[in-house]
Amino acid sequence: MTNQFYTFTLFMMQGLWSAHVVKGLLTVPSREECVAQIEEYLEQDKLLNTCHKMIDNQAQYMERLRADIGHQVCLSGSATVLKRWDQDKRQDILTYRDKAHENIFTGVVSPVLTEPWVQLLDDSPGTYLGRECVEDNPSRD
């Protein structure tokens, strides 16, 4: 994986998968099977020539981990959010942080700051949590 779109979530799933192995709840495939699978994934990685393909690939990887351990929460909907975020970022690097996104679990669209992010000069939690947000205009396009 060249670009980590799923950082915390991916590491969490890998940690849970590893914990299942340590607890004896999941059996690791043989060394030969692991090597063959790694080689297959390395070949697939060569085809990942766009951010959207990388996002889908990482989402599929997390889904395999989730399925292996029987984790209840499916995260596949997050790929749509990440692709939109990537498009917003490519469209304008200075305004992509101003966009609102829908929560994949609740359907609630996040509020937007009343000022453009680039004018805030501060991305601390206090800046985001301590400011008024625009509730009526979630996209501020």
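I looked up Phe 8 first and found it exposed, at 64% relative accessibility. I note that this is a predicted model. Phe 8 sits in helix α1. The label follows from the cut-off, because exposed means over 50% relative accessible area.

Next I checked what surrounds Phe 8 on the surface. Phe 8, Met 12 and Leu 16 make a nonpolar surface patch of about 280 Å². I set this beside a general tendency: in soluble globular proteins, nonpolar side chains tend to be buried together.

Then I turned to the interior. Which residues have the most contacts inside the largest nonpolar core? I have Phe 5, Tyr 6 and Ile 55, in a core of 17 residues. I traced the helices behind this core: α1 (8-22), α3 (51-69) and α4 each supply at least two of its residues. The largest share comes from α3, which gives eight residues.

I followed Ile 55 further. Leaving out residues up to four places away in sequence, I list Phe 5, Tyr 6, Ala 79, Leu 82 and Lys 83 as what Ile 55 touches. Phe 5 and Tyr 6 thus turn up again, having been named with Ile 55 for the most contacts inside the core.

Last entry: Ala 100. I place this residue in the loop between α4 (78-91) and β1 (112-113). Is Ala 100 buried or exposed? I record it as buried, because its relative accessible area is 2% and the limit for buried is under 20%. I also took one distance from here: Ala 100 and Ser 110 are 10 residues apart in sequence, and their C-alpha atoms are 5.3 Å apart in space.

Key:
Residues are numbered from 1 along each chain as its sequence is written. This is a predicted model: local features need pLDDT of at least 70, side-chain atom pairs count only at pLDDT 80 or more; totals for chains, interfaces and linings use all residues. Side-chain values use heavy atoms; hydrogens and water are left out. Helices (H or I, at least four residues) and strands (E, at least two) are DSSP runs, numbered from the N terminus. Buried means under 20% relative accessible area, exposed over 50%, partly exposed in between (1.4 Å probe, protein chains only). A nonpolar core is a set of buried Ala, Val, Leu, Ile, Met, Phe, Trp, Tyr and Cys residues joined through side-chain atoms within 4.5 Å. Contact means heavy atoms within 4.5 Å. Patches are made of residues with over 30% relative accessible area and no salt bridge: like charges are joined within 9 Å, nonpolar side chains (Val, Leu, Ile, Met, Phe, Trp, Tyr) within 5 Å. Accessible areas come from the Shrake-Rupley method with a 1.4 Å probe; for residues, only the protein chains shown count as cover. A salt bridge is a side-chain nitrogen of Lys or Arg within 4 Å of a carboxyl oxygen of Asp or Glu.
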